[in-house]
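Visitor: I'd like to hear how the labels on this model are earned. Could you walk me through them?

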Amino acid sequence: MKYTTYNIRRLLTLIITFAAVNASAATRSITGSDGLGDLLVNAICKDYSGYIWLGTGSTLDRFDGNTVRSYSIPGDDPLLKRINCIASTPDGTVYAGNRSGLLRLAPGADSPEHILATEITFTVNDICADPGRRLYLATAHGLYIYDTADGRLRRELIQSDILSKENDLSAIAIDAAG
């Protein structure tokens, strides 16, 4: 068969159409009737086991492809419960950040717990977990690096002036160099 521009275009159109049909067939909505704890979803994370974690206005929800399990966020103030970000580590621990700090849901636990409650009492906007044992926290007061193995916490300021707006971090990413 001679590969002309016309044949290549037809082949690409077939591939794209097939991919679009398969992608739309795999789409699934999750609602309150499925067990979603809140209709407002702020954060999504896929963990190392394949579960999808959803951070809502009042819960941390785990979706296994069929059902949703909700974990209530501790505290009384609804404004402080909203999950901003989620990250998971290879050992199955899920971490979430909100306006009151950092939460940890250990494997097999029934509810998340606040950790570093005296050190981080402010908004955690984003979390990145390296494949090892560190969490990088983008917070309203700079970058924090938490070693999950030994519990050490280190703060890095972007600007030496602690009140600088540049220390209010909204997102973070780990590059190829770590």
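Guide: Let's start with a pairing: strand 1 (residues 41–46) and strand 2 run antiparallel and share five bridges. A word on the source: this is a predicted model, where local features need pLDDT of at least 70 and side-chain atom pairs count only at pLDDT 80 or more, while totals for chains, interfaces and linings use all residues. Residues are numbered from 1 along each chain as its sequence is written, and side-chain values use heavy atoms, with hydrogens and water left out.

Visitor: What makes strand 1 and strand 2 a pair?

Guide: Two strands pair if DSSP finds at least two bridges between them, and here there are five. Strands themselves are DSSP runs of E, at least two residues long, numbered from the N terminus. One bridge puts V41 against T56 of strand 2. The hairpin of these strands has five residues between them, and G50 takes a positive phi near 100° there.

Visitor: How many bridges join strand 2 to strand 3?

Guide: Four, again antiparallel, with strand 3 covering residues 59–63. L54 stands opposite D61 of strand 3, and this hairpin has two residues between its strands.

Visitor: Why is strand 2 called largely enclosed?

Guide: Because four of its five residues (52–56) are buried. Buried means under 20% relative accessible area, exposed over 50%, and partly exposed in between, with a 1.4 Å probe and protein chains only.

Visitor: Why is T123 called buried?

Guide: T123 has a relative accessible area of 18%, and the cut-off is under 20%, so buried is the right word. T123 sits in the loop between strand 8 (113–115) and strand 9. Leaving aside neighbours within four places in sequence, T123 is in contact (heavy atoms within 4.5 Å) with N84, N98, R99, T139 and A140.

Visitor: What makes a set of residues a nonpolar core?

Guide: The members are buried Ala, Val, Leu, Ile, Met, Phe, Trp, Tyr and Cys residues joined through side-chain atoms within 4.5 Å. The largest one here has 15 residues, and L102, I120, I127, L135 and L137 touch the most other members. Strands 5 (83–88), 9 (124–129), 10 (134–139) and 11 (142–147) each give two or more residues to this core, and strand 9 gives the most, three. A second, separate core of 12 residues includes A43, L60, V94 and L103.

Visitor: Why does L163 count as exposed?

Guide: Its relative accessibility is 76%, and exposed means over 50%, so L163 qualifies. L163 lies in the segment after strand 12 (153–156).

Visitor: How do you know that D130 and R134 form a salt bridge?

Guide: A salt bridge needs a side-chain nitrogen of Lys or Arg within 4 Å of a carboxyl oxygen of Asp or Glu. For D130 and R134, the N to O distance is 3.2 Å, so the pair qualifies. D130 is buried at 8% relative accessibility, whereas R134 is partly exposed at 35%.

Visitor: Which residues are linked in a network of salt bridges?

Guide: R133, D147, D150 and R152. Within that network, R152 and D150 meet at 2.8 Å, N to O. R152 counts as exposed at 55% relative accessibility, while D150, at 40%, is partly exposed. The structure holds eight salt bridges, including K165 with D168, whose closest N and O atoms are 3.0 Å apart.
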